[in-house]
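Please open the model in a viewer and keep the sequence panel at hand. The tour below proceeds by selection, one stop after another.

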Amino acid sequence: MSVEQAPVHRADFDQVMVPNYAPAGFIPVRGEGSRVWDQSGRELIDFAGGIAVNALGHAHPALVKALTDQANTLWHVSNVFTNEPALRLARKLVEATFADRAFFCNSGAEANEAAFKLARRVAHDRFGPEKHEIIATLNSFHGRTLFTVSVGGQPKYSDGFGPKITGISHVPYNDLDALKAQISDKTCAVVIEPIQGESGVVPADQAYLEGARDLCDQHDALLIFDEVQTGVGRTGSLYAYQHYGVTPDILTSAKSLGGGFPIGAMLTTEALASHLAVGTHGTTYGGNALGCAVACAVLDVINTPQALAAIRAKHERFSTRLAQIGEHYGLFSQVRGLGLLIGCVLAEPWKGKAKQVLDAAEAEGLMVLQAGPDVVRFAPSLVIEDADIDEGLDRFERAVATLTQR
Ligand SMILES: *Cc1c(COP(=O)(O)O)cnc(C)c1O
């Protein structure tokens, strides 16, 4: 039986929500595949993917089935008990990666929080309290808890909340010499996004990740890859570390892992995991049966050679056309990224105007993202149909034509 709901409107947001977001002027109410409909029935193509989250698009039958089957079976028992979906998910992740052990939580920030705490704990146990420093990169993004904004290299997110977590330093991304100058025997971990997502879709250089691995080994520091945005097929490999062939000690995953259902994971080795003994860390909802059942279904669809190859092929389809659009209209100077995490770097006259491109795209019925003020970001469903890519890019081209003619 459906209960009549009171109507709500975008204007309600400005009256009843904490004003920390500035959502678009329309409210999406329904999605299917890579299409979304708003309250007025207008249809949009979704190249934003809920910020690199909706790995299988909207209402994918395998995810709807996994979620509803589980919803009819068992939702939550807490970590006082384990559950079957969590154990299945851990098995899948351990079999597919370098890791021997998984810790589940509910978001990217929580996965990173666990990773940073583990790194400090390991160093504390093995070497003592002096070895607690974490090196991160400028412009990095690791989440919004106090620890993760302190590690993230963006003062706009960490300033103005009182004292930060100490023992953290920031070095320029892709600058191996800077990392070499900063790392010391007090360093417990170096944390890197294999592609900096939020701050412009900047892929790491191969030599940078290899060099970071070597420096960590030389200084008994752990290498943490934040794969919250790059993980679960986003780059055309299951995890970006596999594309680069550089293996971290700790890896964090979230976003695409749940395909839209909140879940995060920290993956690590047997030896490191042993430092988080009973009682050292935890979360009530982490590894709940609903989230883990959905994540299992996401992995079953994405983690096949065919599905990963298809993501790489879709990258070519996107980037070829985007490069053409960029060149023809003089809007962007570079198209970069891997798989279906693509950034278009705005050309000099358009610098700082990514939001205008987003607005122009929305007017044509297309959802895209920005990654900082200078980059337009595409993070669509990993199983988006080629026809939707083509139609979405037609809409994008119309938006760009209108914008550049003004
Ligand atoms: C989104 C993101 C996070 C934070 O994830 P939340 O689920 O929002 O807490 C952390 N690291 C990276 C690289 C991200 O892209």
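## First stop: a buried serine

Leaving aside neighbours within four places in sequence, S34 is in contact with L44, I45, D46, S381, I384 and D388. The model shown here is a predicted one. Select S34 together with these contacts; the serine itself sits in the loop between β1 (28–32) and β2 (35–38). S34 counts as buried because its relative accessibility is 4%, and the cut-off for that class is under 20%.

Next, select E32, which belongs to strand β1. Is E32 buried, partly exposed or exposed? E32 is partly exposed, as its relative accessible area is 48%. Apart from residues up to four places away in sequence, E32 touches W37 and H58. To relate this strand to a remote part of the chain, draw a C-alpha to C-alpha distance from E32 to G392: the two are 360 residues apart in sequence and 15 Å apart in space.

## Second stop: the ligand

Now select the ligand and display its surroundings. Which residues surround the ligand? They are S107, G108, A109, N112, F141, H142, G143, E193, D226, V228, Q229 and K255. Sorted by class, this shell comprises three nonpolar, six polar and three charged residues. Helix α5 (residues 108–127) supplies the largest share of the shell, with three residues.

Three distances deserve display in turn:

- From F141, a backbone N or O atom lies 3.2 Å from a nitrogen atom of the ligand.
- From Q229, an N or O atom in the side chain is 2.7 Å from an oxygen atom of the ligand.
- From K255, a polar side-chain atom lies 2.6 Å from an oxygen atom of the ligand.

Switch to a surface representation at this point. On its own, the ligand has 390 Å² of accessible area, and the protein covers 82% of that area.

## Third stop: a histidine of the ligand shell

Keep the ligand visible and centre on H142, one of the residues that surround it. H142 lies in the loop between β5 (133–137) and α6 (146–151). With a relative accessibility of 2%, H142 counts as buried. Which side chain makes a polar contact with the side chain of H142? The partner is S140, at 3.3 Å.

Extend the selection to the contacts of H142. When residues up to four places away in sequence are not counted, H142 touches G108, A109, N112, F116, T148, V151, G152, V191, E193 and D226. Among the residues that surround the ligand are G108, A109, N112, E193 and D226, and H142 touches these residues as well.

## Fourth stop: a loop alanine

Select A221, in the loop between α9 (206–218) and β10 (222–226). A221 counts as buried, at 5% relative accessibility. Its contacts, leaving aside neighbours within four places in sequence, are K131, T187, C188, A189, R213, C216 and D249. Add P248 to the view: A221 and P248 are 27 residues apart in sequence, and their C-alpha atoms are 11 Å apart in space.

## Fifth stop: positive phi angles

Two residues other than glycine call for a look at the backbone. S78 is not a glycine, yet its phi is positive, at about 75 degrees. S78 lies in the loop between α3 (61–71) and α4 (84–96) and is partly exposed, with a relative accessible area of 22%.

Turn then to V201, in the loop between β8 (195–196) and β9 (202–203). Phi of V201 is likewise positive, near 55 degrees. Is V201 buried or exposed? V201 counts as buried, at 0% relative accessibility.

## Last stop: helix α14

Finally, select residues 354–363, which form helix α14, and colour A354, V357, L358, A360 and A361, the buried residues there. Why do they lie on the same side of α14? They cover an arc of only 165 degrees around the axis, and therefore share one side of the helix. An α-helix has 3.6 residues a turn, so residues three or four places apart point the same way.

Show what this side faces: the buried residues of α14 pack against β14 (341–346), β15 (366–367), β16 (369–370), β17 (375–378) and α15 (386–405). End the tour at G365, just after α14, where phi is positive at about 85 degrees.

How values were computed. Residues numbered from 1 in each chain as written. Predicted model: local features only at pLDDT ≥ 70, side-chain atom pairs only at ≥ 80, totals over all residues. Heavy atoms only, no water. Buried < 20%, exposed > 50% of the residue type's maximum accessible area, 1.4 Å probe, protein only. Helix = DSSP H or I, 4+ residues; strand = E, 2+ residues; numbered from the N terminus. Arc of directions from axis to C-beta. Contact = heavy atoms within 4.5 Å. Near = heavy atom within 4 Å. Polar contact = N/O pair within 3.5 Å; in protein donor to acceptor, adjacent residues only side chain to side chain. Areas by Shrake-Rupley, 256 points an atom, 1.4 Å probe, with all protein chains shown as cover. Nonpolar A, V, L, I, M, F, W, Y, C, P; charged D, E, K, R; others polar.
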